[in-house]
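Colleague: Hi, could you walk me through this one? I have a few quick things to ask.

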Amino acid sequence: MPTDTDVRHAVVMGAGMAGLAAARVLADSFEAVTVIERDTLPSASAPRAGVPQGHHVHGLLALGAEVFEGYFPGLRAELEQAGAPVWDWGEGLCAVLPNGTPPPTPMGMPIQTFSRPLLEHVLRQRVTALEAVTLRDGLTVTGLRTATPGKVTGVRVKDGDDEDEIAADLVVDASGRSSHLPQWLAALGLPSPRTTTVDAQVGYASRTYSYPEGQAPPSWMGVLQPLRAPDFHKGCYAIQIENKTLHVTLHGANGTQLPHSDDEFLSFAKTLRGPVADTIASLTPTSAVRRYARTVNRKIAYHRLARWPDGLIALGDSVCTFNPAYGQGMTIGALEARLLEQMLGNRRARTPLDGQAFQKRLARVTASSWLMATTPDRAWDQSRLSWPVKAGNWFMNRLIDTVPHDPQLYTAFSGLFHMTAGPVTLADPRLLSRVLIGPRPGRSPRTTTA
């Protein structure tokens with residue numbers, strides 16, 4: 001265990017996706033990295049209590065997959081060996097949009113689908129195999145260790161009835177939505193950071209299915225039916241994952257009642273357009289119906305604090321959480337790890353990381369994704385729409401309504417969705433004009449009913 005005389009030790013609170021990505025980067029710059037996790041971690045791919053959202057469909061956007069592959073070479077092949085399929089987004093996705101379903105459109109955008117527990121398990125094995133990294137699970141962080149109010153020197157921890165302190169040169173809060181950092185900073189005399197929330201009251205109900213012996217899987221690899229205020233308050237995600245399993249998540253916004261039982265799950269699916277209900281009707285459920293409703297977008301403005309203690313940074317859901325419907329969380333965690341690498345210089349750290357500068361730059365990393373998630377979510381409260389939100393939603397709705405008629409626009413939108421292209425892509429006059437004109441008359445969109 002590092003002591004006060006060990007000068008190159010980093011502590012990461014949380015062994016979720018953001019924490020594992022941060023630990024991988026820190027291992028290149030610190031002589032020792034300790035990852036602390038409150039849960040007792042499973043030895044295989046399995047859900048855990050600290051990640052209740054792990055029972056629901058997860059997606060790693062194309063940009064996130066690229067960043068993780070860079071940090072963990074061969075990750076895609078390892079996941080594929082574990083049964084996670086790889087497919088082209090444009091060819092394999094059945095996107096059931098309000099104005100129709102785009103025809104299969106080859107995009108050269110490889111996507112891999114898997115359960116959250118499988119990805120986390122594989123990454124955890126990769127990270128703990130690093131010589132510099134030690135993972136301590138079943139351990140609760142109870143507070144920050146400080147030399148002065150302006151300098152964090154480690155963490156206080158509790159293991160059962162035993163309490164201890166762990167010294168560190170850098171403490172990383174990647175403990176997620178349950179982070180206690182605002183309270184700990186208040187105990188150091190720092191003002192409370194502003195917290196912004198946007199809640200579309202989205203809930204999920206999920207379960208997995210297996211295919212009967214001899215039955216071929218459907219022609220599609222994934223189904224996406226998004227929510228849209230104020231009229232489309234039900235939707236779903238369905239993806240083929242490892243172990244020849246179909247993972248289905250039904251979702252509803254604005255307080256929509258979600259299913260509890262087997263019969264309710266199928267009945268809800270039958271209210272949706274698209275192929276999901278007919279598909280699952282002939283499959284065998286392999287899990288209970290699981291529900292989840294902690295989907296509020298939340299941003300804590302650490303970057304606006306006038307003072308920030310040395311030796312501390314926060315990232316991942318500890319700082320900015322998104323409605324999971326947009327699939328941005330894991331990719332943002334990867335991009336924040338890349339920011340950390342850039343600021344550390346990918347070398348043995350001999351100068352302290354500027355934590356305040358890190359928080360300011362992290363806010364810029366999350367800014368566009370925050371806008372993409374909260375603009376449509378704000379639209380559920382029609383009585384409080386500002387004109388920028390109205391304009392943003394009008395444009396996005398126009399874009400999505402035009403996509404089923406326009407393969408080029410569908411490809412551009414997919415790049416935006418997967419963060420491989422920025423919003424400037426749509427500033428191309430040839431694409432912008434097609435969005436503004438809207439769906440071309442005389443062409444009926446292709447729809448999918450089975």
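Modeller: Happy to; we can take the cysteines and then the overall fold.
Modeller: This is a predicted model, where local features need pLDDT of at least 70, side-chain atom pairs count only at pLDDT 80 or more, and totals for chains, interfaces and linings use all residues. Residues are numbered from 1 along each chain as its sequence is written, and side-chain values use heavy atoms, with hydrogens and water left out.

Colleague: Great. How many disulfides does a search of the whole structure find?
Modeller: Zero, taking a disulfide as a pair of cysteine sulfur atoms within 2.5 Å.

Colleague: Why is Cys 94 without a bond?
Modeller: Its closest cysteine sulfur is in Cys 236, and at 8.7 Å that is too far for a bond.

Colleague: And is Cys 236 buried or exposed?
Modeller: Buried, at 0% relative accessible area; Cys 94 is buried too, at 8%. Buried means under 20% relative accessible area, with a 1.4 Å probe and protein chains only.

Colleague: New topic: how many helices and strands does the protein chain have?
Modeller: There are 13 helices and 20 strands, counted as DSSP runs (H or I, at least four residues, for helices; E, at least two, for strands).

Colleague: What share of the residues is buried?
Modeller: Of the 450 residues in the protein chain, 54% are buried.

Colleague: And what does the C-alpha trace span along its principal axes?
Modeller: About 75 × 55 × 40 Å.

Notes:
Buried means under 20% relative accessible area, exposed over 50%, partly exposed in between (1.4 Å probe, protein chains only).
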